[in-house]
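User: Hi! I'd like to go through this model and see what stands behind the labels. Could you take me through the reasoning?

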Amino acid sequence: MKNRLEDIRRDRGIKQEELALALEVSRQTISSLENGRYNPSILLAFKIARFFDTSIEDIFIYEEDVQ
Amino acid sequence: MKKTMPYVTTVAGAALLVFGLVGIKTFGDVQGFMAALPYICIGLGCGALGGGVGEIANRRVLESNPETARRMEIEKNDERNLSIANRAKGRAFDVMIPLFGALMLSFALMGIGMIPILMLVAAYLFVCGCGVYYRIRYEREM
């Protein structure tokens, strides 16, 4: 699953550390999400979407052929 | 209860340690289990005392640094960290099962007594039973 988390975060001028603290996850989790190494739980995906005041689909891109 | 636990552990550890040290001096020439008891008490006492003192010191430090405490709490509950820990445990379990089997077979071929082999088989079956139990439980929960 691809995501636009890094782009959205940079657009808003938020550091990984700040986002991690706001979402109550580790900075490594944010880094792994941005690199596509880790797919978040649905709860974390909702938290991220709510934090950026957008929808999950705007951040995370589901690719059927990858599955 | 949770707040007083480290103090209880520390006091119990200190008591065990003192009991063990006194036991070495006073037990004289006893045989069997009683001869080993003071040393077991010293070992357990040192462990409990060290763990208790460590926990008390940890709490004191975290109380004076709420920001560090929050970060530690986040690291502890971080879903990626939990996922990594669970996957690692799963892998270790997968390795342990055939390893136990090989060990039982080796012990049997080496002609080691019946009791140790049966204990190993019991431990093996218990671990497998735990695996089945949690699988059924999670099947119902999820």
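Analyst: Happily! One term to begin with: pLDDT is the predictor's confidence in each residue, from 0 to 100. The model here is predicted, and in chain A confidence is lowest in strand E1 (residues 2-3), with a mean of 90. Helix H4 (residues 42-51) of chain A has the highest, at 96.

User: What is the average pLDDT of chain A, and how many of the residues score at least 70?

Analyst: The average for chain A is 92, and 96% of the residues score at least 70. As a general caution, predicted coordinates should not be read in detail where pLDDT is low.

User: Why is Met119(B) called exposed?

Analyst: A residue counts as exposed if 12 or fewer other C-beta atoms lie within 10 Å of its own. Met119(B) has 10 within that distance, so it is exposed. Met119(B) sits in helix H5 (residues 114-141) of chain B, and its C-alpha atom is 9.9 Å from that of Met104(B), 15 residues apart along the chain.

User: What makes up the side of chain B that touches chain A?

Analyst: Six residues of chain B and nine residues of chain A form the contact. On the chain B side, helix H3 (66-77) and helix H4 (79-110) each supply at least two residues, with the largest share, three residues, coming from H4(B). By class, that side has four charged residues, one polar and one nonpolar.

User: Into which domains is chain B divided?

Analyst: Chain B has domain 1 (5-76) and domain 2 (79-141), and their C-alpha centres lie 30 Å apart.

Technical notes. Residues are numbered from 1 along each chain as its sequence is written. Chains are lettered from A and ligands numbered from 1 in the order in which they are written. This is a predicted model: local features need pLDDT of at least 70, side-chain atom pairs count only at pLDDT 80 or more; totals for chains, interfaces and linings use all residues. Domain bounds come from an automatic or database domain assignment. Helices (H or I, at least four residues) and strands (E, at least two) are DSSP runs, numbered from the N terminus. A residue is buried if 20 or more other C-beta atoms lie within 10 Å of its own, exposed if 12 or fewer, and partly exposed in between; C-beta atoms are placed from the backbone. Two residues are in contact if their C-beta atoms, placed from the backbone, lie within 7 Å. Ala, Val, Leu, Ile, Met, Phe, Trp, Tyr, Cys and Pro count as nonpolar, Asp, Glu, Lys and Arg as charged, and the others, Gly among them, as polar.
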